[in-house]
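Let's take a tour of a protein model, going from the whole chain down to single residues. Keep the structure open and look up each residue as it comes along.

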Amino acid sequence: MSIRDEDLPVSTGIPSTERRVAPPTVIEVPPIPVSFELIKALPKTDLHCHLDGSMRLKTILELAEQQKVKLPADTEEGLAKAIHMGEVCKSLEDYLVAFDVTLSVLQTHDALYRAAYELAIDAAAENVRYLEVRYSPALHLQKGLKMTAVIDAVLEGLRAAKRQTGIKGGVIICGIRHMSPQTSMRLAELCVAYKNRGVIGFDLAGAEVNFPAKDHKDAFQLILKNHVNCTAHAGEAYGPESIAQAIHHLGAHRIGHGVRLREDGDLLNYLNDHRIPLECCPSSNLQTGAVSELKSHPLKFYFDYGLRVTINTDNRLITDTTVTKEYMVAHEQLGLTLEDLTTIIVSGFKSAFLPFREKQDLLAAVNREIAATLQQFQRKLKVV
Ligand SMILES: [Zn+2]
């Protein structure tokens with residue numbers, strides 16, 4: 001039986017150290033082949049997933065019809081083409097076109113609720129057990145919604161999916177680099193108000209070139225003063241100095257992408273020494289041109305060096321991906337083994353913006369489930 005703090009005599013005023021911390025579980029990884037079915041069956045996280053880039057095609061078409069919004073195409077096939085779904089884009093502008101399309105139908109309570117609900121349902125269907133959904137409420141005000149209503153709609157959608165599937169997680173609010181620092185501050189205030197009410201973190205997204213992170217320092221100061229977790233997109237379209245700014249000026253606890261971290265050894269070691277997790281999204285990096293081919297993605301180098309890497313989708317719809325697909329890319333294109341992938345899965349849970357104790361409980365359950373799933377697949381192999 002484990003001892004919980006509430007069972008212990010209190011009165012000393014000294015924080016209890018009596019909580020038994022289980023030693024890290026060593027998962028026995030059997031020599032079985034990596035398959036799509038196996039990766040899909042394993043419990044996973046998605047820590048970097050944009051709401052407005054992760055809708056269902058069919059939903060966009062239905063919402064457009066309901067809302068009388070004109071789309072560039074009126075079939076799933078045509079729309080997939082128009083948003084360059086899963087294709088390598090010629091330019092960042094090409095890539096960003098897709099967001100104009102999704103945002104055009106994400107301006108009502110019902111649409112936001114549905115997008116969040118369906119995203120969490122789809123993630124749960126591939127055994128994502130913990131999902132952090134990010135978006136910027138400032139981009140959903142075109143039809144007069146208040147920022148608070150935008151947040152409430154998404155939180156309600158995620159709660160409904162949690163009731164149905166058990167998927168845990170929360171919302172990360174994004175400041176946008178090309179918007180004014182004042183807008184970032186308004187978003188940070190919103191984030192602080194919704195802390196412990198479904199919002200679990202703050203982010204800085206948007207074009208890195210010409211829009212340095214330090215312009216948004218005040219917003220992040222408010223976030224840090226209120227002890228809210230934060231991350232920032234950095235080192236995706238700009239060099240390592242962008243990552244240094246995110247860490248030192250914004251106080252980022254994690255880094256989105258960090259593709260160009262490999263260009264600065266000192267900084268790479270700093271992130272490694274401080275165990276600052278990287279939210280890697282390989283296919284998205286190929287699509288936007290941050291890497292020229294999947295084989296040259298630094299994920300494996302970072303992992304081999306000892307950095308805490310996590311694998312994520314970024315935009316499930318626009319990149320035509322899933323968490324399972326991204327793990328398969330890491331295996332097939334980068335040569336990561338089942339043992340490596342299992343370690344990265346655990347890193348995903350370790351890097352979650354969750355209270356430590358909650359994270360420990362989740363990790364304990366996840367470790368057991370990973371071990372059981374691996375054994376189950378090993379048994380199946382023997383039977384065949
Ligand atoms: Zn992103």
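## A tour of the chain

Start at a loop: H227 sits between helix 8 (217-225) and strand 5 (229-234). Before going on, keep in mind that this is a predicted model. H227 isn't a glycine, yet its phi is positive, about 55°. H227 counts as exposed because it has 8 C-beta neighbours inside 10 Å, and a residue with 12 or fewer is called exposed.

N196 is another residue to look up. You'll find N196 in the loop between helix 7 (181-193) and strand 4 (199-205). N196 is not a glycine either, and its phi is positive at about 65°.

Exposed residues turn up in helices too. E93 belongs to helix 4 (residues 92-104), and D110 is part of helix 5. Here are the neighbour counts for some exposed residues:

| Residue | Other C-beta atoms within 10 Å | Class |
|---|---|---|
| D110 | 12 | exposed |
| N196 | 9 | exposed |
| E93 | 8 | exposed |

Why does D110 get the label exposed? D110 has 12 other C-beta atoms within 10 Å, and the exposed class takes in residues with 12 or fewer, so D110 falls in that class.

Now for distances along the chain and in space. D110 and A153 are 43 residues apart in sequence, while their C-alpha atoms are 7.2 Å apart. E93 and K143 are 50 residues apart along the chain, and there the C-alpha atoms are separated by 24 Å.

### Zooming out

Time for the whole chain. It has 15 helices and eight strands. Measure out a box along the principal axes, and the C-alpha atoms fill roughly 60 × 60 × 45 Å. How does the radius of gyration fit with a compact globule? For 384 residues, a compact globule would come out near 21 Å, and the protein chain has 21 Å, so the two agree.

What share of the residues is buried? Of the 384 residues, 45% count as buried. As for contacts with a separation of 6 or more, 73% of them are between residues 24 or more positions apart.

### Two helices side by side

Back to helix 5, the home of D110. Helix 5 (residues 109-125) packs against helix 6 (residues 147-165) at an angle of about 35°, and their axes are 7 Å apart. The crossing is right-handed. On the helix 5 side, the residues that meet helix 6 include L112, A116, A120 and I121. On the helix 6 side, the partners include V150, A153, V154 and L158. The residues of this contact split into 15 nonpolar, three polar and two charged.

### Into the core

Which residues have the most contacts inside the largest nonpolar core? They are A116, A120, V133, V154, A232 and A246, in a core of 97 residues. Helix 5 gives the most to this core, with eight residues.

Now pick out V133. Setting aside neighbours within four places in sequence, V133 is in contact with C49, L51, A116, L119, V154, L158, G169 and V171. Two names on that list should ring a bell: A116 in helix 5 and V154 in helix 6 also take part in the helix contact.

Definitions and conventions:
Residues numbered from 1 in each chain as written. Predicted model: local features only at pLDDT ≥ 70, side-chain atom pairs only at ≥ 80, totals over all residues. Helix = DSSP H or I, 4+ residues; strand = E, 2+ residues; numbered from the N terminus. Rg over C-alpha atoms; globule rule 2.2 N^0.38 Å. Buried ≥ 20, exposed ≤ 12 C-beta atoms within 10 Å, placed from the backbone. Contact = placed C-beta atoms within 7 Å. Axes fitted to C-alpha atoms, helices over the stretch in contact; angles between N-to-C directions. Left-handed = near helix turned anticlockwise from the far one by under 90°. Nonpolar A, V, L, I, M, F, W, Y, C, P; charged D, E, K, R; others polar. Core = buried A, V, L, I, M, F, W, Y, C linked by C-beta atoms within 7 Å.
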